[in-house]
Amino acid sequence: MKPQLFAILVLLLLASPALADETPPWVQQAAAIKVPTYDKDVPAVVLIDESLTSINSDGRETEVYNHAVRILRREGRGYAIGRVGYVPETGKVKEFRAWLIRANGEIKRFGKDDSVDIQANLNDVYNEYRFKSISAKDDADVGAVFAYSYTLEDRSIFSQADWAFQSSLPVITSRYNLTLPEGWRAEAVTFNHPGIEPRVSGTSYSWELTNLPAIPDEPLSPSLTHLVPRLAVSYFPPANSQQLSIKTFSKWSDVAAWMSELEDSQVIIDDALTRKANELTASAKTEYDKIRAIANYVQKIQYISIQTGLGRGGGYRPHSSAEVLAKSYGDCKDKANLMRAMLKVVGIDAIPVSIYSGDPNYVRASWPSPQQFNHCIIAVKVSDQTQGSTIIQHTALGRLLIFDPTDEETPIGDLPFHLQGSLALLDSKTETDLVRMPVTPPEMNQLERIATLQLLPDGGISGQIKEQANGQTAASLRSEFRGLSKPDYTVKIETWLTRGITSARLNKIEPTENTGDGSFSLNLEFSANRYGQLMQDRLLVFKPVVVARREALSLTAPTRKHPVVLHANAYSETVRVQLPSGFVVDELPDPVKLQTAFGSYVTSYEVKNNELVFKRQLSQQATTIAAADYESVRKFFESIRAAENAPVVLARK
């Protein structure tokens, strides 16, 4: 029997309605698997995760997907959910069933009537992508096995697919099977794992991994997409194929040219767009002023994801710039396209940039594919008169200012942390390879704090704290401020304050956004009846570090499995404490000076005119530290924690 016919027969048997009331053999076999003993924190284990995908000669595909999971802890009940995503225009869910096998052997079956059909993203009004879902989480007790299967028919616009062999859960068996038409061939690359050789029979391929351990949740880890084994597959028809409706890519220049074709034609400049661009830049004196004026305007355009015509590539083609301006909303590619058009009006060229948002290490050069991208930003061609940390030097295109028109918290001249250092594609017909995005220096993400305090003889304290933040530190604080109501924001700041000063009462809070340079400031006034500890009515003990830095120093575990990812930032604080009358300094902590390849930290103490001045400074480089070198970074932050908890001792004269 030919491999293709055998694969089709398997698909038909697995999807056959005649077996709808039966528990398929694969479910029974999965439920019978004896799983290893896992760490007590592992909530569930995947028994089988398998895709059987068959491609027709016209590019249409049929996938049968089988998945089974055993619940190990009550917290794992949330994994007893089955989902299948589809685009109604091109995709059809032919079969969708699920089974819950309890520890006592009782079986509960779920069918079409038990599924719900929902929009994939409720915030994206115009997103055509949908999910069918079956949930058994309310019934799934510890020891139960939940399994589900679906058959999906769809048509892809690409001759490519990717497969993640696991999420964070351990996996017994994960398998991706692909059957192609006669004369077709497949190529694959493996990410985050040594290369996986497929079992091949004719034009049927099978890639498999077994007994994958759980991925522990460790602070400051790389994204899960950089840790789990992933497979990227490209399949190609015979060289003489004439009528192929799907797009094939063999090199990055193919991808760049295809993206450029979709985007270039959408730069539509009408009278309204011309007037608006000229109006925005009327008072601009420099090239940078023009770019900033247009960037600020485009960032304020309402973000609405408009994912229509997905089956025809609509997820990659922006709407026309004139339409986006007229409607005043759009998604990332629409906003980048609008900014490109407006810059063109004032004589500045720009290029769309395809990038992945969420993991700077996600995109890999070894797999030319548009499917590696989920976001669109912009590269603006600038002259030598424009300077900035987010400018890269391109060998052919010259100096390019990289900017994300979608991120409302990050002004021109800066770039979100989750995009920095990424490999991205300039969507130009002249491009042949990926380019590396810029990484901002620590001083650009500075947080500076000045605390002026008065310590009372009974240990009470009062004073003010002033903070000024820049760069991505400011973006994070601004996002926090904008995302909360005034009462909720006040509660959050009070919580932060009382972590260091238990009895603190917040008397004044004044957050300020600076739209000009993107900085963010926060001024506080507070008082507390108790802070310093009075001992035997003679010694007064207190910590000069009255409030913690905003980010937690969370690297406390003795060992680690995955690398540590650090962002570039800098921090400085000056604390001035007016000492209570009748007391003098009896003991001061030793100053600290730490210097490593990834950062430095310094503290100092000075007493003058009955005032204690404490200073601390941190400078942290953007870097990834291997798990083998974890001890050095753990000790670095351990020393910082010790320094920031060190007390000052005062004694009565």
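What share of the protein's contacts with a separation of 6 or more joins residues 24 or more positions apart? The share is 74%. This report looks at the predicted model behind that value.

## Overall layout

The model is a prediction. The protein has 10 helices and 36 strands. Its C-alpha atoms fill a box of roughly 100 × 70 × 40 Å along the principal axes. Of the 653 residues, 52% are buried.

## Asp-49 and strand 1

Asp-49 sits in strand 1, which covers residues 44-55. The residue is buried but forms no salt bridge. Arg-175 has the nearest side chain of opposite charge, and that is 10 Å away. A salt bridge requires a side-chain nitrogen of Lys or Arg within 4 Å of a carboxyl oxygen, so a separation of 10 Å does not qualify.

Asp-49 does have a polar partner. Its side chain meets that of Tyr-65 in a polar contact of 2.3 Å. Beyond its neighbours within four places in sequence, Asp-49 is in contact with Tyr-65, Asn-66 and His-67. The list also includes Trp-163, Ala-164, Thr-173, Ser-174 and Arg-175.

## Thr-62 and strand 2

Thr-62 belongs to strand 2, residues 60-71. Is Thr-62 buried or exposed? Its relative accessible area is 19%. The cut-off for buried is under 20%, so Thr-62 counts as buried. Thr-62 and Pro-216 are 154 residues apart in sequence. In space, their C-alpha atoms are 34 Å apart.

## Strand 3 and its partner

Strand 3 spans residues 81-86. Of its 6 residues, 5 are buried, so the strand is largely enclosed by the rest of the structure. Strand 3 pairs with strand 7 (residues 130-135) in the antiparallel sense, over 6 bridges. Within this pairing, Val-84 stands opposite Lys-132.

## Helix 5

Helix 5 holds 14 residues, 287-300. At 1.5 Å a residue it should span 20 Å. The end C-alpha atoms are 21 Å apart, which agrees.

Which residues of helix 5 are buried? They are Glu-287, Ile-291, Ala-293, Ile-294, Ala-295, Val-298 and Gln-299. An α-helix has 3.6 residues a turn, so residues three or four places apart point the same way. The buried residues of helix 5 pack against two helices and two strands. The helices are helix 4 (271-280) and helix 7 (332-345). The strands are strand 18 (375-381) and strand 20 (398-403).

## The six-stranded sheet

Strands 18 and 20 also belong to an open sheet of 6 strands. The strand order is 19-20-18-17-21-22, and the pairing is antiparallel. Strand 19 (391-394) and strand 22 (435-436) are the edge strands, each pairing on one side only.

Inside the sheet, strand 17 (residues 350-355) pairs with strand 18 over 6 bridges, in the antiparallel sense. Ser-354 has Cys-376 of strand 18 as its bridge partner.

## Asp-427 beside the sheet strands

Asp-427 lies in the loop between strand 21 (423-426) and strand 22. Like Asp-49, which is buried without a salt bridge, Asp-427 is buried and has no salt bridge. Arg-340 carries the nearest side chain of opposite charge, 7.6 Å away.

What does the side chain of Asp-427 make a polar contact with? The partner is the side chain of Ser-354, at 2.8 Å. Leaving out residues up to four places away in sequence, Asp-427 also touches Ile-351, Pro-352 and Val-353. Its other contacts include Ala-256, Met-259, Ser-260 and Glu-263.

Definitions and conventions:
Residues numbered from 1 in each chain as written. Predicted model: local features only at pLDDT ≥ 70, side-chain atom pairs only at ≥ 80, totals over all residues. Heavy atoms only, no water. Helix = DSSP H or I, 4+ residues; strand = E, 2+ residues; numbered from the N terminus. Buried < 20%, exposed > 50% of the residue type's maximum accessible area, 1.4 Å probe, protein only. Lys, Arg positive; Asp, Glu negative; His and termini not counted. Polar contact = N/O pair within 3.5 Å; in protein donor to acceptor, adjacent residues only side chain to side chain. Contact = heavy atoms within 4.5 Å. Expected span 1.5 Å × (residues − 1). Pairing = 2+ DSSP bridges.
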